[in-house]
Amino acid sequence: MKNLKTIVLSNQEISPGYFRMKILAPGYSNASHPGQFVMFRVQRSLPPLLRRPFGIFRVGFMPADCDNMAAKEFIEIIYKVVGSGTEIMQGLHQGDPVELLGPLGTGFDCGDAAGEKILVGGGIGLVPLYSLAEQLVQTSRVRLLMGGRTRDDIITVTEFERLGVETYVSTEDGSLGEEGLVTRVLERKLDKYPDASVFACGPMPMIEAVQKICLRYEVPLQVSLEALMACGVGACLSCVVKGEGHSESEPHYLCTCTSGPVFAAEKLDWTHSEIKMVKNGGGK
Ligand SMILES: Cc1cc2nc3c(=O)[nH]c(=O)nc-3n(C[C@H](O)[C@H](O)[C@H](O)COP(=O)(O)OP(=O)(O)OC[C@H]3O[C@@H](n4cnc5c(N)ncnc54)[C@H](O)[C@@H]3O)c2cc1C
Ligand code: FES
């Protein structure tokens, strides 16, 4: 993990409100693991004061003859514009200076090659699943179940298909793919593939529904959580979630930024519907 002062290579809107940013990132191809994230900061910009966490969508290399730069590695992040930080980010252009702290956190355990792998992505939760899919397709059959409210929330699915992943799209308004919730598709797939392992990232109601389904089908589940994060390195405790066995008398908290963002489902306390201690403190 290091702080990297670097530049934006490109920043494009890929769907209304969703942007894809390529950032020069020497060293990331060896250092980063699927499911990890970066704390991103716009250099010379105040506010926002705090860095913002973003999953690493993909690590890649520019062609050797491209420009005259010594380091050719880049990372891509995909972000949804929701507040002050992401509003500033959408205005960045090629060559603008930015800072990355990372790669951070504990990513996915790709496990053994046996059995089907089912990835469940809700909206922007799709981001950390791409580099996971890149690894899993080398040994396993991989299916992506992608859900969103409308067709605008369905992003980069064709890129998963190019990896050899079978994809299933559902939207709540029926504007793309099957109408309804992605969890309905998950139940159907688990009826068919009861030995599957499931990997999920998305909004908390989706994650909780996926957890209940996986418990019922007795299949292993890993979830990538989003919590409000101020530091990203375990120092501020703004990102804690309740861990397995948590109680008032014996509290057990885990930092999402260091113990996660990816957790095996059984390591978390699901007894209360709100496992996250999210305070609505964005915008600093
Ligand atoms: C590990 C991790 C990975 C993430 N990966 C991505 C990603 O790949 N793409 C992406 O678009 N977003 C991702 N996020 C969420 C992203 O960090 C926030 O959307 C971003 O920080 C918002 O910044 P802002 O200044 O634009 O909004 P703010 O002005 O800070 O907040 C706007 C609204 O968004 C809410 N919000 C802010 N941060 C979060 C959060 N972390 N979780 C839930 N709600 C939040 C606030 O409560 C507020 O209501 C990730 C978060 C985490 C913890
Ligand atoms: S974000 Fe500071 S401890 Fe996790």
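Below are exercises on the fold of one chain, with worked solutions.

The model is predicted, so local features need pLDDT of at least 70 and side-chain atom pairs count only at pLDDT 80 or more, while totals for chains, interfaces and linings use all residues. Residues are numbered from 1 along each chain as its sequence is written, and chains are lettered from A and ligands numbered from 1 in the order in which they are written.

**Exercise 1. Take stock of the chain.**
State how many helices and strands the chain has, and what share of its residues is buried.

*Solution.*
- Start with secondary structure. There are six helices and 16 strands. Helices (H or I, at least four residues) and strands (E, at least two) are DSSP runs, numbered from the N terminus.
- Turn to burial. Of the 284 residues in the chain, 41% are buried. Buried means 20 or more other C-beta atoms within 10 Å of the residue's own; exposed means 12 or fewer, and partly exposed lies in between, with C-beta atoms placed from the backbone.
- Finish with contacts. Among those between residues at least 6 apart in sequence, 65% join residues at least 24 apart. A contact needs C-beta atoms, placed from the backbone, within 7 Å.

**Exercise 2. Work out the antiparallel sheet.**
Find the strand order of the open sheet with antiparallel pairing, and name its edge strands.

*Solution.*
- Write the order: E4-E3-E7-E1-E2-E6-E5, seven strands. Two strands pair if DSSP finds at least two bridges between them.
- Mark the edges. E4 (52-55) and E5 (58-61) each have a single partner strand, so one side of each lacks a neighbour in the sheet.
- Add the twist. Neighbouring strands are turned by 40° against each other on average, direction ignored. Axes are lines fitted to C-alpha atoms, for helices over the stretch in contact, and angles run from 0 to 180 degrees between N-to-C directions.
- Check one pair. E5 and E6 (residues 73-80) run antiparallel and are joined by four bridges. Arg58 has Glu76 of E6 as its bridge partner.
- Place the helix. H3 packs on this sheet, touching E4, E5 and E6, and its direction makes about 60° with that of E5.

**Exercise 3. Work out the mixed sheet.**
Give the strand order of the open sheet with mixed pairing, then follow the chain from E12 to E13.

*Solution.*
- Write the order: E11-E10-E9-E8-E12-E13-E16, again seven strands.
- Mark the edges. E11 (178-179) and E16 (262-264) pair on one side only.
- Step through the parallel pairs. E8 (residues 117-122) and E9 (residues 142-148) share six bridges. Leu119 stands opposite Leu144 in E9. E8 and E12 share five bridges, with Ser197 of E12 as the partner of Lys117. E12 and E13 (residues 221-224) share four.
- Follow the chain. From E12 it passes through H6 (residues 204-217) to E13, a right-handed β-α-β crossover. Right-handed means that, with the strands pointing away from the viewer, the path from the first strand over the helix to the second runs clockwise.
- Look at E12 (residues 197-201) itself. Five of its five residues are buried, so the rest of the structure largely encloses it. Ser197, Phe199 and Cys201 point one way, Val198 and Ala200 the other.

**Exercise 4. Compare H3 and H5.**
Is Leu136 of H3 buried or exposed, and what about Arg188 of H5?

*Solution.*
- Take H3. Leu136 is among its buried residues. Eight of the ten residues of H3 are buried, so the helix is largely enclosed by the rest of the structure.
- Take H5. Its buried residues are Val182, Thr183, Val185, Leu186 and Leu190. They span an arc of only 150° around the axis, which puts them on the same side of H5; the arc is that of the directions from the helix axis to the C-beta atoms. On the other side, Arg188, Asp191 and Lys192 are exposed.
- See what H5 packs on. Its buried residues pack against E8, E9, E10, E11 and H6.

**Exercise 5. Locate the core.**
Which residues have the most contacts inside the largest nonpolar core?

*Solution.*
- The residues are Leu119, Ala133, Val198 and Val210, in a core of 72. Such a core is a set of buried Ala, Val, Leu, Ile, Met, Phe, Trp, Tyr and Cys residues joined through C-beta atoms within 7 Å.
- Helix H3 (residues 127-136) gives this core its largest share, six residues.
- Leu119 touches residues including Leu129, Leu132, Ala133 and Phe199.

How values were computed. Contact = placed C-beta atoms within 7 Å. Lists of a residue's contacts leave out its neighbours within four places in sequence.
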